[in-house]
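Colleague: I should like to understand the terms used for this protein. Please set each value against its definition.

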Amino acid sequence: MRIPRRPFAAAMLAGVMAASLSACASGTTRPSTGSTNPDSSMSGELTVFAAASLKTTFTQLAKDFEVQHPGTTVTLSFAGSSDLVTQITQGAPADVFASADAKNMGRLADEGLLDGTPTNFATNVLEIAVPPGNPASISSFADLARPGVKVVTCASQVPCGAATEAVEKAAGTTLSPVSEESSVTDVLGKVTSGEADAGLVYVTDVKGAGSRVKGIPFPESDQAVNTYPIATVGTSKNTALAAAFIANVTSEAGKKVLRDAGFGTP
């Protein structure tokens, strides 16, 4: 992902600095914006593999990182965590991996493909997504098991699928999905396209979809809280830049981006 540089940016920055100096000279105090000065001490290309549910937040965090570190380019690849792990173990070049659960991160650790210890940076829980108007009249997790209800879930190897299975056990309800998808965004796509009466996705996906779906919380979701870890991939050729990106994700500014999207704190 490359952020275009605009030719008038330098002029704007000079104007802002001049205004700030003028304000200081006149004794006027301007409130802090909380931003920091760009750091050009590191540069290069960074490839980040991240769980599909992180698409919106990591796209924003990558943009912020490129602005903060001029000369860097962050390439993002989103998919189900299990698919990303498979790609990395097969030699796909990645510098950073952010998983939607600890299990898939553990697979990389077992293969000796991590540099350092993963850092937990967010949590997420499931929510039922239904089309606007809720045509199947879904109001609870048990309703998803009603005859005739077309429900879509993630496959069991995907974190959202594993969470679904945990909720099924906790609720004593067995679902018969018409489709099992390889990522949570694919589940959401089935709902927004009208191919499903309901889908089990994360609360962040419901929030990000806006008016395209209606979210239905259910109490059993607290039985399957997913914790998201992030780590530098052992084969990374730019570990310093990878560490800086991870620090950005786990910073107060990064946490705010995640909170605003509906993620919890580990």
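Modeller: The answers below take the terms one by one.
This is a predicted model, in which local features need pLDDT of at least 70 and side-chain atom pairs count only at pLDDT 80 or more, whereas totals for chains, interfaces and linings use all residues. Residues are numbered from 1 along each chain as its sequence is written, and side-chain values use heavy atoms, with hydrogens and water left out.

Colleague: How many helices and strands does the protein have, and what makes a stretch a helix or a strand?

Modeller: The protein has nine helices and ten strands. Helices (H or I, at least four residues) and strands (E, at least two) are DSSP runs, numbered from the N terminus.

Colleague: Why is Val187 called buried or exposed?

Modeller: Buried means under 20% relative accessible area, exposed over 50%, and partly exposed in between, with a 1.4 Å probe and protein chains only. Val187 has a relative accessible area of 0%, so Val187 is buried. By this definition, buried residues make up 44% of the 266 residues in the protein.

Colleague: Where does Val187 lie, and which residues does Val187 touch?

Modeller: Val187 lies in helix H6, residues 184-192. Leaving aside residues up to four places away in sequence, Val187 touches Val152, Thr153, Cys154, Glu181, Gly199, Leu200 and Val201; contact means heavy atoms within 4.5 Å. Cys160 is 27 residues from Val187 in sequence, and their C-alpha atoms are 9.9 Å apart. Among contacts in the protein between residues at least 6 apart in sequence, 79% join residues at least 24 apart.

Colleague: What makes H2 roughly parallel or roughly antiparallel to H9?

Modeller: Two packed helices are described by the angle between their axes and the distance between the axes. Axes are lines fitted to C-alpha atoms, for helices over the stretch in contact, and angles run from 0 to 180 degrees between N-to-C directions. Helix H2 (residues 55-68) and helix H9 (residues 252-260) pack at about 150 degrees, with their axes 10 Å apart. H2 is therefore roughly antiparallel to H9, since angles under 35 degrees count as roughly parallel, over 145 as roughly antiparallel, 65 to 115 as roughly perpendicular and the rest as oblique.

Colleague: Which residues of H2 and H9 meet?

Modeller: From H2, Thr57, Gln60, Leu61 and Asp64 meet Gly254, Val257 and Leu258 of H9. By class, this contact has three nonpolar, three polar and one charged residues. Ala, Val, Leu, Ile, Met, Phe, Trp, Tyr, Cys and Pro count as nonpolar, Asp, Glu, Lys and Arg as charged, and the others, Gly among them, as polar.

Colleague: How do you know whether Glu66, also in H2, is buried or exposed?

Modeller: Glu66 is at 1% relative accessibility and therefore counts as buried. The side chain of Glu66 reaches the backbone nitrogen of Val74 at 2.8 Å.

Colleague: What makes H3 roughly parallel or roughly antiparallel to H4?

Modeller: Helix H3 (residues 81-89) and helix H4 (residues 102-110) pack at about 10 degrees, with their axes 9 Å apart. H3 is therefore roughly parallel to H4. The residues of this contact divide into three nonpolar, five polar and one charged.

Colleague: Why are Asn134 and Ser137 called buried or exposed?

Modeller: Asn134 is in the loop between strand E5 (126-130) and strand E6 (151-154), and at 10% relative accessibility Asn134 counts as buried. Ser137 is in the loop between E5 and E6, and its relative accessible area of 51% means that Ser137 is exposed. Phi is positive at Asn134, near 45 degrees, and at Ser137, near 55 degrees.

Terms used:
Polar contact = N/O pair within 3.5 Å; in protein donor to acceptor, adjacent residues only side chain to side chain.
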